[in-house]
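Colleague: Could you take me through this structure step by step, with the reasoning behind each answer?

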Amino acid sequence: MAQEVRGVIAPGKDEPVRIETIVVPDPGPGEAVVRVQACGVCHTDLHYKQGGISDDFPFLLGHEAAGVVESVGDGVTDVRPGDFVILNWRAVCGKCRACLRGRPWYCFDTHNAKQRMTLTDGTELSPALGIGAFAEKTLVAAGQCTKVDAAVSAQVAGLLGCGVMAGIGAAINTGNVGRGDSVAVIGCGGVGDAAIAGSRLAGAARIIAVDIDDRKLGTARSMGATHTVNSRETDPVEAIRELTGGFGADVVIEAVGRPETYRQAFYARDLAGTVVLVGVPTPDMKIELPLLDVFGRGGSLKSSWYGDCLPSRDFPMLIDLHLQGRLDLAAFVTETVRLDEVEKAFERMHQGDVLRSVVVL
């Protein structure tokens with residue numbers, strides 16, 4: 001039987017969020033109902049609220065979540081009721097050309113639950129990134145559930161569902177940061193700081209954090225940055241070169257998503273170095289670079305989708321590293337809030353006052 005739970009919806013563009021009663025159907029074939037324990041407040045949720053992703057209102061917000069599987073539909077074998085899981089928004093199909101080539105992290109046919117959650121009057125909801133986890137329970141495709149060690153706190157585990165995984169993966173999976181490498185990270189919000197943590201985990205010898213906010217640079221140092229550059233006061237390209245023997249960094253991770261910072265990343269890398277774009281640009285943004293410089297500097301210009309992660313591979317590994325004390329995921333949690341405090345959490349995020357607010361249910 002369908003269940004009624006509380007959830008946070010965005011009713012229309014730029015309207016304040018509100019708590020509504022959400023109807024969660026029983027799971028159908030290939031689906032699961034998850035009792036949500038914690039969900040991070042991510043910039044992507046704010047973009048949904050602002051109408052920056054689509055106009056398919058009302059949205060059921062929240063996607064960076066962890067919880068316990070309550071029930072599963074027919075044909076589900078990878079998870080079962082009682083499993084502690086992290087939700088992911090890229091459930092791989094196993095059949096597309098990327099999956100068949102052994103690159104499932106590029107899956108071109110990811111999927112969500114087929115049924116829709118609704119309001120009590122029958123209005124269909126659009127779940128953020130196919131998850132909708134600012135709710136006591138949510139319906140997802142079973143492939144969006146990744147089982148991990150239940151010893152970890154849900155507040156911490158859920159962060160791998162989006163931002164922290166994007167940053168760590170940008171360094172380890174996309175940038176292939178290795179022992180002894182020099183790395184520069186431009187933009188020290190949650191994703192940038194995760195890229196710094198990932199670079200430290202991979203054994204980078206020099207990690208240069210770049211931002212215009214000294215508060216964020218202080219946090220970046222606590223995450224593993226060995227050097228910081230305030231790009232409001234100093235040319236970041238020249239500073240990065242000076243800190244790398246005049247050459248530039250082996251890997252530069254751009255975690256802002258703007259043309260000007262991408263140009264900085266391009267020119268701050270060493271010859272044959274790698275640029276990783278993990279910051280998300282808007283559709284109107286364009287970049288112009290001399291083609292001779294693209295050719296002459298060599299190396300790789302990459303974009304990183306969700307940290308090029310494979311949840312079944314990466315989530316359990318990173319949770320294990322956290323439990324071993326080698327990856328401090330808890331450092332990303334600035335505060336915990338209730339469902340009725342999501343609007344205030346968005347305001348603090350917009351002001352840059354938090355690294356991550358986490359809704360605890």
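Colleague: How many of the 12 residues of helix H4 are buried?

Modeller: In this predicted model, a residue is called buried when its relative accessible area is under 20%. Among those of H4 that meet this are Gly163, Ile168 and Thr174. Helix H4, which spans residues 163-174, is largely enclosed by the rest of the structure, because the number of its residues that are buried is 10 of the 12.

Colleague: Which helices are included in what covers the buried residues of H4?

Modeller: The cover includes strands, namely S5 (64-72), S14 (249-254), S15 and S16. It also includes two stretches of helix, residues 190-201 and residues 311-323, and these are H5 and H10.

Colleague: Which strands are the edge strands of the open sheet?

Modeller: Strands of a sheet pair through backbone hydrogen bonds, either parallel or antiparallel. Here 6 strands form an open sheet with parallel pairing, in the order S13-S12-S11-S14-S15-S16. An edge strand pairs on one side only, and the strands that do so are S13 (227-230) and S16.

Colleague: What is the handedness of the β-α-β crossover from S15 to S16?

Modeller: Strand S15 (residues 269-277) and strand S16 (residues 300-303) pair in the parallel sense over 4 bridges, and Val275 stands opposite Leu301 in S16. Between these two strands the chain passes through helix H9 (residues 291-297), and the crossover is right-handed.

Colleague: Which residue in S12 does Val185 stand opposite?

Modeller: Strand S11 (residues 182-186) pairs with strand S12 (residues 206-211) in the parallel sense, over 5 bridges. Within S12, the residue opposite Val185 is Ala209.

Technical notes
Residues numbered from 1 in each chain as written. Predicted model: local features only at pLDDT ≥ 70, side-chain atom pairs only at ≥ 80, totals over all residues. Heavy atoms only, no water. Pairing = 2+ DSSP bridges. Right-handed = clockwise from strand over helix to strand, strands pointing away. Buried < 20%, exposed > 50% of the residue type's maximum accessible area, 1.4 Å probe, protein only. Contact = heavy atoms within 4.5 Å.
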